[in-house]
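Me: I am new to this structure. Please take a close look at one part, the place where two chains meet, and describe the aromatic rings there and in the neighbouring chain.

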Amino acid sequence: MANVAISPENGVLLAFRRDLRLAVRSKGEVIQAMVFFVMVVSLFPLAVGAESALLKRIAPGVMWVAALLSVLLTLPRIFANDYADGTLEQLAISPYPMAVIVAGKMLAHWFTTGLPLAIVAPVLGLQFGLGAHELGVIVLSLMLGTPVLSMIGAVGAALTLGVRGGSILTALLVLPLYIPVLIFGAGAAEASMAGIDYTANLSLLGAGLLLGALASPLAVAAAVKIALD
Amino acid sequence: MSIFKYASPSTFYPLAGKMAPWFAVIAAILGAAGLYLGLFRAPVDFQQGEVYRIIFIHVPTAWMAMLIYVIMAVYGVMALTFNTRLSSMMIEALAPTGVMFTVLALWTGALWGRPTWGTYWAWDARMTSTLILLFLYIGYMALVNAMDDKKRADKAGALLVIVGSANVPIIYFSVKWWNTLHQGYSVAASGSSMDASMRMPMLLMTFACWAYAIAIALWRVRAIILEREKEAAWVANLHGSASLKTSGVRA
Amino acid sequence: MNWSEFFSMGERAFYVWGSFGAFGLAIIVEILLLRMRLKKVTEKVKI
């Protein structure tokens with residue numbers, strides 16, 4: 001530890017590795033989020049009927065809403081434990097800037113939620129009768145969109161640290177901000193199914209990802225500092 | 001430093017009390033003029049008939065809903081950069097009025113949509129964006145109310161409205177995108193070639209709502225200041241000077 | 001000026017007066033609530 005240079009990249013890596021190690025150690029949580037995603041998606045055919053044309057039409061929207069809810073449920077994982085046991089305060093006085101640390105934590109969160117969801121999505125797509133091309137677009141849109149969900153969600157998770165009614169409150173704060181990601185994400189697959197150009201949707205998700213990567217560490221760091229004050 | 005003089009709750013409290021009645025009077029005059037022109041003088045719309053008169057409150061309330069959130073975000077920036085408590089109190093004072101205007105915009109939009117589009121709710125881009133704006137307001141109020149520590153609530157609320165307002169243009173763009181993709185309704189709420197006799201009441205009502213919002217926010221911030229500072233010495237002095245004055249009159 | 005014609009708003013009275021009524025009601029309720037809040041706090045600090 002002592003001979004590691006204090007650079008932003010090392011800070012990101014440090015926080016990333018630490019959170020990833022914690023997540024892997026309690027692998028239940030990662031798997032639970034995936035199972036939740038699968039279960040929510042599987043509820044829809046039971047609710048609206050197994051008519052294949054209808055299922056195919058709603059598949060992108062259903063998968064995106066389910067992904068959004070899965071990410072939402074895992075948000076407390078980013079900060080809650082570290083806040084409760086005082087680790088977050090230790091991190092705040094570490095030589096690394098808070099923005100760098102939270103960047104690593106957000107990356108670790110995406111690795112343990114968004115990425116697994118994107119990986120299981122094709123299997124679910126088959127249940128809904130989607131073709132290979134549409135499945136590819138859904139996976140791509142989830143890959144580009146779920147990191148943004150982790151970033152926006154981290155702001156909400158940090159703002160509500162230690163506040164009563166935390167998780168439902170986080171949902172209230174975060175869900176309206178998720179709407180653009182939902183629109184462009186689900187829109188990409190819908191466009192590809194309708195035979196319209198879907199690259200614009202993916203480009204917009206990519207732009208959102210870049211914008212989020214620039215702005216979210218600062219916003220999340222500010223939110224964490226407010227919570228620690 | 002002259003601006004910062006009024007950034008302290010104790011100096012702003014009497015100033016707000018002096019300004020609020022003026023804005024209330026302006027709101028009443030403009031509102032009365034706007035309602036008179038809108039209901040009695042503006043001609044009947046040849047396409048929509050009398051029902052178009054709803055825009056005289058729908059459009060101003062929709063604008064105010066948007067504007068108040070932006071102003072809250074400006075106060076949010078001030079609260080976090082200058083660390084002024086009063087800015088956070090202003091955000092808190094504006095939020096309920098913002099909610100009121102947002103709900104009114106949705107309500108009047110629905111009542112206008114039914115006879116015009118044949119449905120109360122049409123998922124058109126403006127109405128959907130306004131609904132999301134309502135969610136943003138509710139999120140702010142829920143966050144601030146959930147926190148017992150006022151100092152933290154002030155800062156967290158300020159940060160949330162900044163993040164929210166940064167997202168507002170993206171939300172508007174995405175909803176518009178979604179709306180065109182799904183070929184939904186896209187009826188403009190106000191024709192671009194609007195007659196002056198129709199535009200005038202709308203502007204009057206807008207400025208009336210604006211003055212009303214300022215008056216209400218000033219009064220509400222007075223209530224918030226007193227609620228928070230009831231232990232402070234200057235509040236006790238306020239009491240002392242007031243009783244001194246009355247006793248002086250009596251003597 | 002015919003008042004019953006005015007109030008019927010071209011058979012659209014429900015929509016027009018439903019909008020203007022809600023607008024007026026919301027403002028009155030907000031003012032009343034705020035007055036109660038101010039009264040409560042000024043009594044507490046005894047100004």
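Reply: In this predicted model, a cluster of aromatic residues is linked by ring pairs: B:Y36 and B:F40 from chain B, with C:W3, C:F6, C:W17 and C:F20 from chain C.

The cluster draws on two chains that share an interface. Here 28 residues of chain C are in contact with 36 residues of chain B. Between them the two chains bury about 2,800 Å², and 78% of that is on carbon and sulfur atoms. On the chain C side, the residues that lose the most area to chain B are C:F20, C:F23 and C:E30, together 22% of what that side buries.

C:E30 also carries a charge contact: a salt bridge joins C:E30 to B:R220, with the closest N and O atoms 2.8 Å apart. The interface of chain C and chain B has two salt bridges and five residue pairs in polar contact. Helix 1 (3-8) and helix 2 (13-45) of chain C each give two or more residues to the side that touches chain B. Helix 2 of chain C gives the most, with 20 residues.

Over all chains, the aromatic pairs come to 20. In one of them, the ring centres of B:Y52 and B:F56 are 5.6 Å apart and the planes meet at 75°, so the pair is edge-to-face. Both B:Y52 and B:F56 are buried. B:F207 and B:W210 are stacked, because their planes are at 10°, with the centres 6.2 Å apart. These two residues lie three apart in helix 7 (residues 196-228) of chain B, about one turn of the helix. B:F207 is partly exposed at 42% relative accessibility, and B:W210 is partly exposed at 34%.

Methods. Residues are numbered from 1 along each chain as its sequence is written. Chains are lettered from A and ligands numbered from 1 in the order in which they are written. This is a predicted model: local features need pLDDT of at least 70, side-chain atom pairs count only at pLDDT 80 or more; totals for chains, interfaces and linings use all residues. Side-chain values use heavy atoms; hydrogens and water are left out. Rings of Phe, Tyr and Trp (its six-membered ring) pair if their centres lie within 6.5 Å; planes under 30 degrees apart count as stacked, over 60 as edge-to-face and the rest as tilted. Buried means under 20% relative accessible area, exposed over 50%, partly exposed in between (1.4 Å probe, protein chains only). Helices (H or I, at least four residues) and strands (E, at least two) are DSSP runs, numbered from the N terminus. Contact means heavy atoms within 4.5 Å. Buried area is the accessible area (1.4 Å probe) that two parts lose on being put together, summed over both. A salt bridge is a side-chain nitrogen of Lys or Arg within 4 Å of a carboxyl oxygen of Asp or Glu. A polar contact is a pair of N or O atoms within 3.5 Å; within protein, one must be able to donate a hydrogen and the other to accept it, and residues adjacent in sequence count only if both atoms are side-chain atoms.
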